[in-house]
Amino acid sequence: MSYDVTIERCGLMALFDLKGAPDAVSKWAGDALPSLPYRPNSRTEKDSIELFYIGRDHWITRAPLAQENAMEARLMPTDCPADISIVRVSDTMTFFRIVGPDAGQVMSIACPMDLHDSVFGTDAVSYTEVFGLKALVMRCQDGIEFAVEQSFADMVEDYLIRATA
Amino acid sequence: MAQSNRRAAGGRIDRNRPVRFTFNGKSFEGFEGDTLASALLANGVRVTARSFKYHRPRGIMGHGPEEPATLVELDGEDASGNCPVTTVPLRDGLSARSVNCWPSPDFDLGGINQLFARFIPAGFYYKTFKWPNWHLFEPSIRKAAGLAAAPSAPPAQGHFEARNAHADVLIAGAGPAGLQAALDAGRAGKRVFLADEGTEAGGSLLSRNLTVGGRAAMDWVADTVAELSKMENVIHLQNATVWAYREHNLMIVNERAPDQNSILERSWRVRADEVVIATGATERALVFGDNDRPGVMLASSVQAYVNRWGVTPGKHAVLFTNNNSVYEVAVDMIAAGIAVEAILDSRNEVPQAALDLVSGVTVHTGTVIGGVRGRKSVRGVRAVPKTGGSGVWIDCELLACSGGWSPTVHLWSQSRSTLRFDDDLAAFCPDQPKQACRAVGAAAGNLTLDQIIEGGEDLSYGIEPMWRVDVSGQRGKAFLDVQNDVAVSDVHLALREGYDNVEHVKRYTTGGMGIDQGKTGNINIIGTVAMQKGLPLQEVGTTTFRSPYTPVSFGAIGGLRENWGLFPYRHTPVTQWNKDNGAVMYEAGARWRRPGYFPKAGEGLQEAVNRECQAVRTGVGVYDGSPLGTFELKGRDVPRFLDFIYSNIMSSLKPGDGRYGLMLSEDGLILDDGVAFRLDENRWLISTSTGHADAVNQHMEKLLQTEFPDWQVMITTVTSQWNNATICGPKAREVLQAVGSDIDLAPEAFPFMSFREGTVAGFPARVVRVSFTGELSYEVNVAPRHMAALWDKVMEVGAPFGILPVGSESSHVLRVEKGFLSLGHEVDGTVDAYDLGMGWAMSNKKPDYLGKRSVELRRSGGGTRRELVGILADDPNRQIPEGAPLTPGGRKEATDGLVTACVWSVVHNRWVGLALLEDGHARQGETAHVRLKDDVIPVTVTKPVFHDPEGKLLRS
């Protein structure tokens, strides 16, 4: 491997897509979620549950897969009011973790966004491109984590293998 | 003698590391640190190429990317075409060949062109080879005048890489000005990206013996590079050319030798807040008769070979100039043992400081070159007063010329920043920036070291421009663009023929095109045009500088995107199963790869498709329908939103029910088709075609954000949250029952176009009764994590029923038999729902929906429409090519339709087709004619349904 990195194709995680007015979403979710991140391209976290700012009135929450059913029970996607939308999307995204001293270099091959720590901080999260695909990118311990639409995951894995060959 | 022109000492080469290489099949030796050019000169190779059009003998003229005369083709693992010989680093085992010659540059059969030179001036191709067709002659002309071919095989090992970077400051060029800029920015803590095309930092200082504050200038370079290397905020690349300046300060850099062995070349896309252009200046050629002979070189290049590579390109030399810079060159040449026979200076007066440098050398002021002796090598030059006269011949084998210096403004100009002509420098210089950039050093017109860095010591410039030698009695072609064989006479011809704009002159003559992009000659072309038209150069202007500044490998631009990675590709959990079971995989839209068909051993496409279709029509089949676009919509306004985007009514659906619908575009044409299901009061599920899923998503979001921002509709893409196995055929219900489900599958409990949630094979599932085949069909949707297991279960329990996997080829046959439309076939961007016989999908009850007005307007105008029909050839075994035109009587007339599909029907055991035919609905029963190139096929026009026209089977 020409770069000093470890690449992990992560297993499924519990993901829910949330849309609606912040007050309405907060009220419905109660303490099931961390506080809503109001700043664009940021995230909040409580215990093992993260909440990503995706766009105006739009968030994605993530938790370990083991909590999927519990979260669904608390968020009640099918019962939520008409003015908010909660959809389980756990299977729609595949996460990759690139960690190690050269993680930044590998990400510079994959992603056009400036991921320098002076620009893209620890609480940063943003949709951008990875290998030309729409991807959700964020920092993780010792590296970068990103998610792509799961049907592209094989391709992204092929690209990462090729990039680090 | 090996390396007969190598100096005994000196140069930035490693004499302890000899390197062997071959050139045109002959073996030579050089040293580590040489370029191919310096090694060839060291070995006394004079004729290194033949010219593009006239096949004149050519040698090496430059020492960097400006080299106009010698391009080489590299073989073996370096395989690459058209490399300037001066930019090829020497390495052991390198094998190179000249281009534009056969069998060799010394004896080239193409040299016969020189006999006809006067008959083949600029533009002769276009005037001569017009009849009967240019393309008849083009291949042989290109072959005769062609450059090297692209490599025929990919690199044996390694790969290219493209990466992104961001910087506060990008600095192009690590000469004195660039290094100083990098030092300043780096010390200020800025993120600096410094890239330089040379293998070493220093730029012109590498070739010159200058001082900074009394120390050797290269010591200053070494100190600066060392300081930069300690800065974590600085990226410093050598052998990396900034070759393109794009919008928003996006710079493209080609790094030719990254430090990872597995990477052949690396392309950087750098976004910088500020760009500093420190690209130096390029020496110009001088224009006189036979100024292209081997042995005629740029003076600065002679200096570079002498000082940097320890090579003496000749023993006896004459220098020809219009500025002071060659006097310093002469000093270095003399020090290297070259006999400087004379300096010919076109200026009437030469500064004493310059003359003092070369005391003892004959300097002819007000003198130009009136002729050159020698064909394959310079043997002498005729020095004549510029006011005219017979002059004197001076013997020499090396002619070092300097026509002055042009700031290298390519990147500056690519940024769309403006240029101004500076009369003092006789050069185009940077003027007003159009992006966040600035030029420094020689690129900004500061041509001497004392103007660039504090303590720098240099001779003044002192140019008197001379765009071409203009004395009587000159013989031989005077070349403005050596690479493209463009002479002064060609520019004069262009002007005489009315091509008097400098851009037109460029295109007429090809001057300034090619690999070198006219780096040494463009200014002389502009000057020649100015002289001929009596205009100042500012008014003539420059041509557009385009990227790339120097040649770049396509591989470096593509990066990882080659072979399998050229386009994105998507998979489903069943993709591997499909491959393992022999599927021929197709691109199926939106980058999905789906099985086309599943041939058994020895089976062809048609046999496999017939077998799969037979299974669906008489038994059961299953296909992976996961790629269909799927969206969940939530909100109080979803019903009226769906009523707006679909042409029929959706709001009346009850929870659990669904309806097929058409989406129209604003112009009333069909955008997509699909089904909509109501999950509950406020939640909906809609599906789209695979290929249009993204477009429909954008369409909906655009409407919501621009037309209906106050409507409460929230869209979530769930294409990849729900994969589906679609079980279809008369035995579909039995198979699904065998798979196991808690959903009541009885027809009356679960009718056609309805939706149920439950479990299938123990997995949470959404089951939908829709049909794209015309048969009883269940679309079983489960989460992708369960899809592979579901699929295996279906295949396992379906085996006793004879279940077969079905590919997209069979899906196509089945839908044609049923007369179902397909986007891209029947829906071709011209038809509306009425044309397709789907007027029932156009609601008369809704006051409005998207596209309604356009359809009504178009149809109220009358006129003939192409309408969907079925077609049956008289010969049932006659296949009709899809896309074939229908014409009246099969005559060669304007078409009145086209064949949209033709398949072998397993129901009718014959070929059946669909077509769009003018007034087709009224012509059923008539005979139409498909016109082929060599044949006419009579066809009977029918209804566009060949199977179960009442739809009893799919509702069963």
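Look along strand β7 of chain B, residues 94–98, and you'll see the side chains alternate. B:Leu94, B:Ala96 and B:Ser98 point to one face and are buried, while B:Ser95 and B:Arg97 point to the other face and are not. Here, a residue is buried if 20 or more other C-beta atoms lie within 10 Å of its own, exposed if 12 or fewer, and partly exposed in between, with C-beta atoms placed from the backbone. Strands (E, at least two residues) and helices (H or I, at least four) are DSSP runs, numbered from the N terminus. Keep in mind that this is a predicted model: local features need pLDDT of at least 70, side-chain atom pairs count only at pLDDT 80 or more, and totals for chains, interfaces and linings use all residues. Residues are numbered from 1 along each chain as its sequence is written, while chains are lettered from A and ligands numbered from 1 in the order in which they are written.

So who sits beside β7(B)? Strand β1 of chain B, residues 14–23, pairs with β7(B) in the parallel sense over three bridges, and B:Thr22 has B:Ser95 as its bridge partner. Strand β5 of chain B (residues 71–74) is also joined to β7(B) by three bridges, but in this pair the strands run antiparallel; there, B:Glu73 stands opposite B:Arg97. Two strands count as paired if DSSP finds at least two bridges between them. In general, strands of a sheet pair through backbone hydrogen bonds, either parallel or antiparallel.

Now step back to chain B as a whole. It has 22 helices and 50 strands, and its C-alpha atoms fill a box of roughly 115 × 65 × 55 Å along the principal axes. Of its 956 residues, 52% count as buried. The domain assignment splits chain B into domain 1 (1–156), domain 2 (159–282 + 408–457), domain 3 (286–402), domain 4 (467–540) and domain 5 (629–717); such bounds come from an automatic or database assignment. The C-alpha centres of domain 3 of chain B and domain 5 of chain B lie 79 Å apart.

A good next stop is helix α4 of chain B, residues 176–187. Its twelve residues reach 16 Å from first C-alpha to last, close to the 16 Å expected at 1.5 Å a residue (the expected span being 1.5 Å times one less than the number of residues). This helix is mostly covered, with ten of its twelve residues buried, including B:Leu179, B:Ala182 and B:Leu183. What do the buried residues of α4(B) pack against? They meet β8 (159–172), β9 (192–195), α5 (217–229), β12 (234–237), β15 (263–277) and β29 of chain B. After α4(B) comes B:Gly189, whose phi is positive, near 85°.

Strand β29 turns up again in an open sheet of three strands, ordered β11-β10-β29 in chain B, with antiparallel pairing. β11 (215–216) and β29 (456–457) of chain B stand at the edges with a single partner strand each, so one side of each is left without a neighbour in the sheet. Strand β10 of chain B (residues 211–212) is joined to β11(B) by two bridges, and B:Thr211 stands opposite B:Ala216.

Follow the chain on into the loop between β29 and β30 (479–481) of chain B and you'll find B:Trp467. Is B:Trp467 buried or exposed? It counts as buried because it has 24 C-beta neighbours inside 10 Å. Leaving aside neighbours within four places in sequence, B:Trp467 is in contact with B:Val287, B:Asn524, B:Gly527, B:Thr528 and B:Met531. Contact means that the C-beta atoms, placed from the backbone, lie within 7 Å.

What about the nonpolar cores? A nonpolar core is a set of buried Ala, Val, Leu, Ile, Met, Phe, Trp, Tyr and Cys residues joined through C-beta atoms within 7 Å. The largest has 160 residues, and B:Leu319 and B:Ala400 touch the most other members. Apart from this core lies another, of 156 residues, among them A:Ala63, A:Ile86, A:Val130 and B:Ile686.

Finally, chain A. Its assignment gives domain 1 (6–10 + 92–163) and domain 2 (13–90), with C-alpha centres 22 Å apart. Their contact takes eleven residues from domain 1 of chain A and nine residues from domain 2 of chain A. On the domain 1 side, β8(A) gives the most, with three residues.

How values were computed. Two residues are in contact if their C-beta atoms, placed from the backbone, lie within 7 Å.
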